[in-house]
Amino acid sequence: FLGVQFGFALQNANVSRILSDLGADLHSLSLFWLVAPIMGLIIQPIVGAASDKTWTKLGRRGPFILAGAVAATIGMLLMPNAPLFVALMAPMIFGALMLALMDASFNVAFQPFRSLVPDMVPEEQRNAGYSIQSLLINIGAVIGSILPFVLTNVVGLENTAKAGEVAPSVVWAFYIGATVLLGSVLWTVFRTKEYQPEEFYQYQGMTEQEAKEQLAVERSKSSSLGEKINDFWGLMKTMPTTMRQLAVVQFFSWFALFIMWVYTMPAIAQHIWGIDAKWCDTDYINATGGVPANTAAAKAAAGDGVGVLLATDSWGAAIVSVCLSKLAETFGRKAIYASS
């Protein structure tokens with residue numbers, strides 16, 4: 001989770017910056033970001049259902065986590081290098097496609113990861129498991145968010161971008177993020193030994209014979225993609241009340257988060273660094289022959305500043321996550337979730 005969140009944090013803090021550098025207009029940023037939730041809507045139900053019924057030498061969740069990480073790594077390596085692919089398509093379009101690949105891949109990795117904790121720990125250890133998971137998520141988010149700032153102010157890499165290109169500090173941040181992502185997932189997949197099916201079902205309270213019968217039923221089922229999607233919508237209709245309540249909460253949480261991720265960069269640039277909104281307008285920039293050096297430097301500093309802000313956000317969350325297990329045991333998960 002540390003590695004996947006490292007990459008996810010880099011995406012959230014820098015995608016608007018990258019797309020702007022590649023020529024995206026401020027008003028079209030939200031359209032490019034649409035690919036992220038659309039990919040989630042398509043990928044998560046399919047991967048979630050498939051990983052529930054998959055057993056391999058790498059375990060039940062491992063193959064999906066590994067495949068998602070490899071694809072996300074490819075997207076992270078290619079996205080900041082979009083200008084190199086101008087012979088194929090416009091850099092901005094290529095960047096958007098890599099965003100789609102990255103987000104689809106993060107979803108492939110995230111969905112089975114979320115299931116790994118309840119798969120691997122008993123009920124009495126789950127609060128602790130989720131607390132550790134939350135800590136690692138936020139450590140990854142802190143490092144991923146602040147990395148371009150560190151590469152500029154500590155290592156000394158250039159943080160301004162030439163017209164139609166991406167700043168070197170951002171490019172190298174994505175290279176490092178891709179390495180951490182793949183390395184951490186490889187460690188997880190090959191070092192975490194998932195329970196064999198019979199053993200897993202016995203931990204769920206089944207007898208050995210019941211476990212074998214359940215496994216035989218699952219292995220005998222074979223359905224097309226269309227049938228799997230229909231099964232998913234069937235589950236949506238019959239899901240427990242708690243899941244319906246959570247769906248409403250999640251809707252409004254992500255509603256707000258996406259507004260923040262899309263527009264934090266231009267908002268900070270305009271209101272804190274004092275950059276006029278016209279320098280976020282591609283047509284104006286093209287008409288005037290490019291962004292002045294001092295404005296480009298301010299935009300780059302604003303981009304680094306956004307990373308620092310998001311890292312601060314995650315640092316606070318990382319500290320709180322250490323206490324979450326005890327708080328949840330004392331006051332209950334619902335009360336802590338609602339108050340948070």
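**Close-up 1. The second largest pocket of this predicted model.** About 540 Å³ of space sits in here. Its lining is made by 29 residues, and those closest to the centre are S20, D21, I285, V291 and K299. Four helices, α1 (2–22), α11 (241–271), α12 (282–288) and α13 (293–331), each give two or more residues to the lining.

**Close-up 2. What the walls of the second largest pocket are made of.** Sorted by class, the lining residues come out as 15 nonpolar, 9 polar and 5 charged. Helix α1 supplies the largest share of this lining, with 4 residues.

**Close-up 3. The salt bridge between R17 and D304.** Side chains of opposite charge can pair when their charged atoms come close. Here the closest N and O atoms of R17 and D304 are 3.1 Å apart, and the count for the model stops at 1 salt bridge. R17 belongs to helix α1 and D304 to helix α13, so the contact ties together parts that lie 287 residues apart in sequence. Both ends are tucked away: R17 counts as buried because its relative accessibility is 3%, and D304 is buried too, at 4%.

**Close-up 4. Helix α5, residues 91–120.** How far apart should the ends of this 30-residue helix be? At 1.5 Å a residue, the expected span is 44 Å, and the end C-alpha atoms are 43 Å apart, so the two values agree. As for its surroundings, 23 of the 30 residues of α5 are buried, which means that the rest of the structure largely encloses this helix.

Terms used:
Residues are numbered from 1 along each chain as its sequence is written. This is a predicted model: local features need pLDDT of at least 70, side-chain atom pairs count only at pLDDT 80 or more; totals for chains, interfaces and linings use all residues. Side-chain values use heavy atoms; hydrogens and water are left out. On a 1 Å grid over the protein atoms alone, a cavity is a set of points where a 1.4 Å probe fits but cannot get out, and a pocket is an open set with protein on both sides within 12 Å along at least five of seven lines; lining residues have an atom within 4 Å of a point. Grid points are joined across faces, edges and corners, and a volume is the space filled by probe spheres set on the points. Ala, Val, Leu, Ile, Met, Phe, Trp, Tyr, Cys and Pro count as nonpolar, Asp, Glu, Lys and Arg as charged, and the others, Gly among them, as polar. The expected span of a helix is 1.5 Å times one less than its number of residues. Buried means under 20% relative accessible area, exposed over 50%, partly exposed in between (1.4 Å probe, protein chains only). A salt bridge is a side-chain nitrogen of Lys or Arg within 4 Å of a carboxyl oxygen of Asp or Glu.
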